[in-house]
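Trainee: Could you walk me through how to read a multi-chain model?
Mentor: Happily! Let's put it on the screen.

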Amino acid sequence: MGPAFYIAAAVAVISTLMVITRYNIMHALLYLIVSLLSIAVVFYLYGAPFMAALEVIIYAGAIMVLIIFFVMMLNLGPQTAGEERMWLQPRIWIGPSILCAALLLELGYLILQPAHATGDIHVVDPKTVGKTLFGPYILAVELAGMLLMAGIVGAYHLGRQKKKITHRFLERTSS
Amino acid sequence: MITSTTAGLTLAGILFTLGLISILIRRNIIFMLVSVEIMLNAAGLAFVVAASRWGQPEGQVMFMFILAMAAAEVSVGLALILQLYHQLKTLDSDEASRMRG
Amino acid sequence: MQWIYLIPALPFLGALILVLFSRAIGKTGVSLIGCGSVGIAALITLIAGGQFIGGGWQQFTLPLWNWLSIGDFNIGITLHLDALSLAFTFVITFVGFLIHLYSTGYMADDPDYARFFACMNLFVGSMLMLVLADNLLLLYLGWEGVGLCSYLLIGFWYKDPANGAAARKAFIVTRVGDTAMAIALFLLVQHTGSLQLSTILARATQLWAQGDPTVTLIAFLLLGGAVGKSAQLPLQTWLPDAMAGPTPVSALIHAATMVTAGVYLIARTNILFILAPAAQATVAIVGAVTLILAGCSAFVQTDIKRVLAYSTISQIGYMFLALGVGAWSAAVFHFITHAFFKALLFMGAGAVIVALHHEQDMFRMGGLRKSLPGVFWVFLTGAASLVAIPFISAGFYSKDQIVWLAWSSANGNIGYWLVAIIGAFITAMYTFRMVFLVFFGEEKTHVHHPPGRSMMIPLYILAVCSTFAGFIELPHTLGHITMLSDLLRPVLPSVPLQFESTGLEWVSQGVAALLSFLGIYIIWRSLYIPFPVGLKEFWKNGWGFDMAYDRIFVRPFVLLARWNRRDMVDKLYTGLAGLTRSFHRAMSATQSGVLRWYIMGIVMGAVLILSVIIWRQYVV
Amino acid sequence: MILFLFILILVAGAFLAWLSAVVNKELPRWIALLVLLFELTIAAGIWWQLDEAHRWSSSQWLYTFQQPWMPRFGISFSLAMDGLSLLMLVLTFFLGTLSVLVSWNEIKEKTGFFHFNLLFVLAGITGVFLTMDLFLFYFFWEVMLIPMYFLIGIWGHGNRVYAAFKFFIFTQAGGLLMLLSILGLYFVHAHNAGAYTFSYFDLLNTPMAVETGRWLMLGFLVAFIVKLPAVPFHTWLPDAHTEAPTAGSVVLAGLLLKTGAYGILRFVIPLFPEASHYFAPGVMLIGAIGILYGGKLAYAQTDFKRLVAYTSVSHMGFVLLGAFAFNALAYQGVVMQMITHGISTGALFMIAGSLYERLHTRELGKMGGLWPALPGMGVVTMIFVMASLGLPGLGNFVAEFLILAGSWQAQPWITALATVGLVIATIYSLRIMQKVFFGTSMREYKLPDLSIREGLMLIPLIAAIIWLGLYPQPVIDAVKPGIPLSFQTTTHHQQDVVIHPPK
C-alpha cells in the first residue's frame with residue numbers, strides 16, 4: 001500500500017481516538033467528521049470512489065450535521081463537558097480498554113493469517129455496483145427504502161413535542 | 001503479510017475497537033450513538049476492503065445498506081434521545097435504567 | 001370331635017359381640033357373654049378331652065379352610081388336637097373361665113367393663129388358636145394375637161401414660177423375639193418347604209443330622225421367640241412393667257397362659273431342639289440364670305404384683321430348665337400346676353388390692369389374716385404350692401420333678417440341680433416374705449370392701465386345684481403315677497436318664513424341702529435380710545437390664561429420630577432446588593438494565609468465541 | 001372392548017361431572033359415585049367369575065383389546081387384562097368409590113372440577129393398569145399426573161402449591177427417564193429385530209446387548225422407584241400426602257404408589273430379566289433400607305398424615321424387596337402388599353381426615369385421650385394400626401410374611417435387615433394409638449363418633465382387610481397364571497393333611 005493509505009489511516013485512527021477522548025461533544029463530532037473524511041480517502045484508495053463520495057455526502061455531510069444540529073438544539077453547555085470529565089475516570093475506561101485490546105489482538109491475529117496473502121486492489125466501478133444493487137438486490141433496496149420510511153415516521157412521531165408527556169412515575173421521582 | 005487487504009481490514013478492526021471502547025466507557029447517550037456510528041463505519045470499511053479484494057460489487061452494496069441503516073438509526077435514535085432528555089433532563093444512560101435484576 | 005373348632009371360635013365370637021353390641025346387651029349381658037363363651041369353651045374342652053383320652057386318639061386334625069396355597073406351599077387354617085395342646089387348652093379354658101368369673105367382681109365398677117371382657121375373650125381365643133394351631137403360621141397368628149391383647153389389657157387404664165408405656169414396652173419387647181421367630185419360620189419354609197408342624201418335625205430328622213448348623217440356627221431363633229414371649233433372659237424386662245394392667249389380666253395373661261407360650265413353642269418343636277444340642281443347652285442355661293436372677297429381684301420388691309411378676313419369670317425359668325434338660329413333660333406338668341397356683345396368687349393379691357382400695361405396696365398392708373381370712377387361706381395354699389411344701393401341694397410334685405431331672409437326665413448335671421435348689425430356697429424366702437408382710441403383723445391399711453362371692457369362688461376352686469393337681473404325676477419315690485407323661489408320650493419324647501436312683505431322688509427331694517423350710521424359717525425370724533442397699537436397689541431394678549436397654553437401644557433411637565425428624569434426604573433435593581434458585585438469581589442479576597454491561601457481555605462473548613476459534617484452528 | 005369401556009366410562013363420567021356442576025353442586029358427587037360403583041361392580045364381577053374366565057382363555061390374559069392408533073410408528077391402542085391388572089382395577093374402583101365418599105363433606109368448592117379431576121386420575125390409573133403398549137403406557141402415566149397435581153394444588157391444605165410442584169417435578173423427572181428408556185427400547189428393538197413397535201408383547205424378548213439392557217432397565221426402574229417411592233426418592237411423598245385433601249391422599253397412597261409397583265412387576269422384570277437379576281441385590285437393599293428408614297422417620301413425625309405417609313415409604317420397601325426376589329412366594333406377597341397397603345393406608349388417611357374434620361388439627365401433640373369421645377373410631381383405628389404393624393389375621397401380615405419368606409430364599413441377610421422393620425413398625429404404629437386415643441385429653445371433647453357415611457366407608461375396608469388376612473386365596477389364585485414361569489422354582493415335596501384314625 002502506498003503512503004497515501006497510511007497517512008489516511010493514521011489520520012482516521014488519531015481523529016477517532018480524539019473522538020473517544022473528548023469531553024466536549026462538539027469537538028468530538030468535529031473530529032469524527034475528520035475521521036470519516038479520511039476513511040473516504042481510504043475508500044477511494046480501495047477502488048470504491050462512489051462509496052467515498054457517499055461517505056462524504058451522507059455520513060460526514062448529512063448524518064453528522066444532523067447530530068451537530070441536534071446537539072446545538074439541546075444546548076448542551078459546559079456542564080455536560082464537566083460531567084463527561086467526571087465520568088471518564090481511568091478506573092472506568094481501563095477495564096473495557098484492556099478487553100477491547102484483547103479483542104483487537106485476536107482480530108489482528110486472524111486478519112494477518114497467511115491465507116489472505118494475495119492482495120491486489122480491484123476497482124469496482126459504480127456502474128457495476130448500481131447494476132448489482134438494482135439487480136439481485138432489488139428486494140433489499142426496497143426493504144432499505146421501507147426502513148428509511150420507518151425511520152422518518154418514527155423520528156417524526158417520537159420527536160414531536162407534546163404538551164405534557166411526562167410519565168407519572170418519572171414525574172414523581174423528579175419532583 | 002501486510003497486503004492491501006490485511007491493512008484495510010486491520011484499520012477497520014482498529015476503528016471498530018475504538019468505537020467499542022467508546023461505547024463501553026461513555027455514559028452520555030449521544031456519545032454512545034456516535035460510537036455506534038464509528039463502529040458501523042468500521043464495518044462498512046471492512047466490506048469495501050473485501051469488495052476490492054474480490055473485485056465484486058456485493059461489498060459496496062452492503063456498505064450502502066449500512067449507510068441507509070445508519071441514517072435511519074440516527075434519525076430514530078436522536079428522536080428517542082430527545083424524548084429521554086425531555087423526560088429525564090439528563091443524557092446519562094444509567095439514569096434511564098429502570099430495571100433492577 | 002368335629003366341633004372342637006368351637007373352642008377358639010366361641011371366645012372370638014364373644015369378643016365380636018362385645019365389641020359390636022356392648023351397649024345393647026347391658027352389663028349383665030356383657031358378663032354373661034364374656035364368661036359364658038369361655039365357660040362353654042371349657043366345657044367343650046372337657047368333653048373333647050374325655051373323648052380324646054377315652055377314644056384312644058393320638059391326634060386329631062381338623063382342616064377348616066385353606067389359608068394360603070402357593071404352588072407347593074400350603075397352609076391351612078387347621079386345628080390340631082393332641083395331648084400337648086389338650087393340656088394347654090384345658091388350662092387356658094378352665095383357668096380362663098375362673099378368671100373371667102373373678103373379673104365380673106373385680107372389674108364391676110369399671111366404666112369400660114365391656115371393653116375389658118372383649119379383650120379378655122379375644123385373648124382366650126387367640127391363645128387357643130396358638131395352642132391348637134396345626135402349623136407354625138397359624139401358631140404365629142395366635143402368638144401375635146395374644147401379644148395384641150396383652151398390649152390392650154396392660155394399657156387398659158389408658159388415661160395414665162405410664163400404663164400406655166408399659167403396654168407398648170410389652171408389645172415391642174416381645175415383638176423383638178417374634179422377629180427372631182419369624183426368621184426361623186423363613187428358614188423352615190426355605191428348607192422344609194412347609195410350616196405344618198407334623199411335616200416339619202417329620203422332615204427335620206431326615207434333613208438334618210444332630211448338631212447341623214441350620215437346625216441349630218432355627219432352634220436358636222425359635223428360642224428367641226420363646227424368651228420374648230415367656231419373659232426370659234434377656235427379654236424379660238417387660239413383664240414386671242406389665243403389672244400396670246388390671247389384676248385379672250396379670251393372672252390370666254402374665255402368669256397362667258400367655259407367658260408360657262414360649263414353653264409350648266419349645267415343647268412343640270422339641271425335635272428341632274433335640275437335633276440342636278447347643279440350642280437345647282442354651283434353653284437350660286437361660287432358664288437357670290433367669291430363675292436365680294428373677295428370684296433375687298422378687299425378693300426385694302415392695303409392690304405385691306411385682307413380686308408375683310418376678311416370681312412368674314423365675315418359675316418359667318424352671319420350665320425352661322426342664323425343657324433344656326429334655327424333661328418335656330415335666331415342663332408341661334409345671335406349667336399346669338403353675339397356672340393354678342400363680343393364678344390363685346395373683347387373684348388373691350387382687351382381692352387384697354381391691355379390699356385395700358387399690359393399694360399395692362406390701363409395706364402398707366399387714367395383718368390381713370384376721371380381716372380377710374378366706375383370702376388368707378387360699379393365698380397360703382397358693383404360696384405353699386409355689387414354695388413346694390412337700391406332699392400337700394401341687395407345686396411340690398412338679399417342681400421336684402424338674403429339680404431331680406435337672407440332675408439325673410441325660411442332659412442334666414449337678415450344676416443345674418444346684419441352681420434349681422438355690423432357686424427353691426430363694427422362692428421360699430420371697431414368697432413367705434410376701435405372705436408375712438401382707439397377712440401378719442399389724443394392720444396398716446383398713447379393709448374397705450371385702451371381696452364378693454364371684455371373686456372368692458374361683459379362688460376356692462383354684463386353691464383345690466393347686467393342692468390336688470399334683471397327683472396326676474407322682475415321682476418314683478411316692479407312688480409313681482405317670483398319668484400326664486403317659487398322655488403326653490406320643491407328642492413329647494420321654495426323658496433319657498443318665499442314671500436312675502431312688503435313693504438320690506429321696507436326697508434331692510429332701511434337700512429341696514429342707515431348704516424351703518429353712519427359707520421360711522429365716523424369713524420368719526427376720527423380715528429384713530441385711531443385704532447391702534446398693535445390691536437391693538440393683539436387684540429391685542431387675543439387674544439393670546432396663547437401664548442398659550434404655551441406654552443402648554431406646555435413647556439412641558429416639559435421639560436419631562428426633563435429630564432426623566425433617567428427613568436429611570430431603571435436604572438433597574431442597575439443596576438442588578436452592579442451587580437452581582441461586583443460579584437463577586445470579587442470571588437475573590445480569591439483567592440490570594445498565595446498557596454498558598450488556599455490551600460488555602457481548603464483548604466478552606466475542607473475545608471468548610474468537611479465543612476458542614483461534615485455539616482450535618491455529619494454536620493446537 | 002370391555003377394557004376400553006372401563007376407561008371410556010371414567011372419562012365420560014369425568015366430563016359429565018364437570019358439566020353437571022352447573023346444574024347442581026351436589027350432582028357431581030352422585031355422578032362420580034355411580035360411575036365408580038358401576039365400574040366396581042363390573043370388575044368385581046369379572047373377578048368373581050375368574051375361574052370360568054380362565055377356563056376358556058388358555059393364556060394368562062383374560063381380555064385383550066387392540067386398535068391401531070399411529071401405525072406408522074408402531075403405536076396401537078392395546079389393552080389387556082390378566083389377574084394382576086384385574087386385582088388392581090378392583091382396588092382402583094374400590095378406593096375410588098371410597099374417595100368420593102370421603103370427600104362428601106370435605107370438598108365444598110368447585111365440586112364439579114374436583115370430581116372431574118378425581119375421575120380423570122382414576123381413568124389414568126386404569127389405563128396404566130391395562131395398557132400393553134409402551135407409548136400408551138407413557139401417555140396414561142402422564143395423564144394421571146396432571147389431575148393429581150390439581151387435586152393437591154387446589155383443594156390441599158396450607159403448603160399445597162409447594163407439595164403439588166414437588167410431586168409433579170419428581171414424578172415427571174422419573175417419567176422422562178422412562179420415556180428415554182421406552183424410546184431406547186423401541187430403537188434397539190427396531191435395530192435388532194427389524195420392526196418399529198411399542199407393543200409390550202413384541203418387545204418382551206428383544207435381543208439386546210447386556211449393557212444396553214441394564215441402562216434401559218435403570219431408566220424404567222427409576223421412574224417406578226420414584227413413584228413407589230423408595231429411599232432416596234421418597235421425599236415428595238410426605239409433602240404430597242400431608243397437603244393433599246383426604247381423597248387425594250387415599251388415591252395417592254392407595255393407587256398411585258401402586259402404579260410404580262405394578263410397573264416393576266409388569267415391565268421391568270419381564271422386559272429385562274437379565275438386568276433385573278443383575279441389579280436385584282442392590283434394589284432389595286434399597287427396599288430394606290426404605291423399610292427401616294421410613295419406619296424411623298414415621299416414628300419421629302408429629303403430624304398424623306405425615307406419619308402415615310412415611311409408613312407408606314416403609315411398606316413400599318417390602319414391595320421392592322419382594323419384587324426382586326424372583327420367586328412365587330414373594331411375587332404373591334408383593335401383590336398382596338399392594339392391595340393391603342392400599343386398604344390399610346387408605347383407611348388411616350380417611351381416619352386422619354375424619355379426625356381433622358372434628359379437631360381441625362393434624363398435630364399428634366394436640367390430640368390424645370380421644371378414646372372416651374370416639375370409641376368407635378378408636379376400634380377402627382386400632383384395627384388399621386395393627387394391620388400396618390403386620391398383625392397376623394389382617395391382610396398386611398400375609399403380604400409381609402410372603403414377601404419376607406420369599407426374599408429370604410434369595411437374600412437372607414437383606415431379609416433379616418428388613419425383618420427388623422417389623423419391630424420398628426410396631427414402635428411407630430403403637431405411637432399413633434398412644435398419641436391419639438390413649439392418654440389423658442387436654443379438654444373434654446364432645447365429638448360425634450363415626451357417622452353413617454364414615455361407617456359406610458370404613459366397614460368395607462375392615463371387612464376387606466380381615467378377609468384378606470384370613471382367606472387371601474382368591475387374590476393368590478387370580479395372580480397365579482401371571483407369575484413368570486421362571487419364578488416357580490419351589491421344589492418342595494407334596495404334603496397332605498392326615499386325620500389319624502383312633503388306634
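Mentor: We will go from confidence to chain contacts, then to one whole chain and a pair of strands. Keep in mind that this is a predicted model.

Trainee: Then let me begin with confidence. What pLDDT does chain B average?
Mentor: Start with the chain average, then go element by element. Chain B averages 86, and 94% of its residues score at least 70. Confidence in chain B is highest in helix α2 (residues 29–54), at 90, and lowest in helix α3 (residues 58–88), at a mean of 88.

Trainee: Next, the contacts between chains. Which chains share the most contacts?
Mentor: List the touching pairs, then rank them. Here 4 pairs of chains are in contact, and chains A and B share the most contacts. On that interface, 72 residues of chain A meet 59 residues of chain B. The chain A side draws two or more residues from each of several elements, including α1 (3–21), α3 (49–74) and α7 (138–159) of chain A. By residue type, that side holds 56 nonpolar, 15 polar and 1 charged.

Trainee: And how do I read pairs without contacts? How far apart are the nearest C-alpha atoms of chain A and chain D?
Mentor: Look at the closest approach. Chain A and chain D do not touch, with their nearest C-alpha atoms 34 Å apart. No contact joins chain B and chain D either, and their closest C-alpha atoms lie 24 Å apart.

Trainee: Now chain D itself. Why does its radius of gyration agree with a compact globule?
Mentor: Compare the value with what the chain length would suggest. Chain D has 503 residues, so a compact globule would have a radius of gyration near 23 Å, and chain D has 22 Å, which agrees. Its C-alpha atoms fill a box of roughly 75 × 75 × 45 Å along the principal axes. Its secondary structure comes to 20 helices and 2 strands, and 60% of its residues count as buried. Of the contacts in chain D between residues at least 6 apart in sequence, 80% join residues at least 24 apart.

Trainee: Last, the strands of chain C. How many bridges join β1(C) to β2(C)?
Mentor: For strands, check direction, partners and the turn. There are 10 bridges between β1 (residues 59–70) and β2 of chain C, and the strands run antiparallel. One such partnership sets C:Phe60 opposite C:Leu81 in β2(C). The two strands form a hairpin with 2 residues between them, and C:Gly71 in the turn has a positive phi of about 60 degrees.

Trainee: Is β2(C) covered on one face or on both?
Mentor: Both faces are covered, with C:Phe73 and C:Ile75 among the buried residues on one side and C:Asn74 and C:Gly76 among those on the other. In total, 10 of the 10 residues of β2(C) (residues 73–82) are buried.

Key: Residues numbered from 1 in each chain as written. Chains lettered and ligands numbered in written order. Predicted model: local features only at pLDDT ≥ 70, side-chain atom pairs only at ≥ 80, totals over all residues. Helix = DSSP H or I, 4+ residues; strand = E, 2+ residues; numbered from the N terminus. Rg over C-alpha atoms; globule rule 2.2 N^0.38 Å. Buried ≥ 20, exposed ≤ 12 C-beta atoms within 10 Å, placed from the backbone. Contact = placed C-beta atoms within 7 Å. pLDDT = per-residue confidence, 0-100. Nonpolar A, V, L, I, M, F, W, Y, C, P; charged D, E, K, R; others polar. Pairing = 2+ DSSP bridges.
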